[in-house]
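Biologist: Could you walk me through how aromatic rings and their surroundings are read in a model? I am new to this one.

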Amino acid sequence: MGHREDLLAGAKRCLIEKGYARTTARDIVAASGANLASIGYHYGSKEALLNAALVQVNAEWGAAVGEVVAASKDFEDAWTRVTELFAAQRELLVVSFEALAQAEHTPEIRAALASGLDEARACMAKAFLDNTTDDTHRAVGSFCLALLTGVMAQWLIDPATAPTAKDLTLAIRTIATR
């Protein structure tokens with residue numbers, strides 16, 4: 001790897017270990033083995049480097065969720081796998097919430113997250129639907145993403161009381177029959 005890739009890998013490690021706001025340029029340099037001047041040369045600023053790392057980590061988290069959902073056999077199995085992923089990759093979960101906070105102030109992050117939404121909606125919808133209309137796919141995918149974000153937030157705050165896959169399945173069934 002060259003300095004550019006080393007810096008990005010170091011910034012990703014720092015995001016996971018320290019978070020966006022607490023990461024300094026010196027932290028990234030220490031984690032990457034590169035020199036301080038190379039941040040400016042390759043990325044322009046520490047913020048631009050952290051933003052690139054944030055986008056990449058968020059894409060990795062999205063891919064991990066997509067894999068477990070695609071491998072599931074039904075709604076409850078999908079949410080069981082997703083909540084297991086929360087525990088296994090808590091760091092990526094935390095970084096994905098940091099991306100949401102940074103999107104308000106960083107157009108590049110907002111654009112990257114927005115483009116990922118359509119892909120995530122399609123992935124979620126595909127896991128639960130066969131051939132349906134585009135409107136149905138978008139609605140189901142959007143619902144699943146809203147559910148995912150809400151469950152993620154609850155799980156980060158208090159994993160012991162966050163809804164389980166059984167809770168979510170019961171709620172969907174109950175709502176659908178009323």
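Modeller: We will go through ring pairs, a charge over a ring, and one serine. This is a predicted model, where local features need pLDDT of at least 70, side-chain atom pairs count only at pLDDT 80 or more, and totals for chains, interfaces and linings use all residues. Residues are numbered from 1 along each chain as its sequence is written, and side-chain values use heavy atoms, leaving out hydrogens and water.

Biologist: How many aromatic pairs are there?

Modeller: A pair of aromatic rings is described by the distance of the centres and the angle of the planes. Rings of Phe, Tyr and Trp (its six-membered ring) pair if their centres lie within 6.5 Å; planes under 30 degrees apart are stacked, over 60 edge-to-face, and the rest tilted. That rule gives four aromatic pairs here. The F75 and F128 planes meet at 50°, with centres 5.5 Å apart, so this pair is tilted. W61, F86 and W155 make up one aromatic cluster.

Biologist: Is F75 buried or exposed?

Modeller: Buried means under 20% relative accessible area, exposed over 50%, and partly exposed in between (1.4 Å probe, protein chains only). F75 has 18%, so F75 is buried, whereas F128, with 25%, is partly exposed.

Biologist: What sits over the ring of Y43?

Modeller: A charge sits over a ring if NZ of Lys or CZ of Arg is within 6 Å of the ring centre and within 35 degrees of the ring normal. Here the charged end of R4 is over Y43, 4.3 Å from the ring centre.

Biologist: Which residues is S32 in contact with?

Modeller: Contact means heavy atoms within 4.5 Å. Setting aside neighbours within four places in sequence, S32 touches D6, L7, G10 and R13. S32 is also buried, at 13% relative accessible area.
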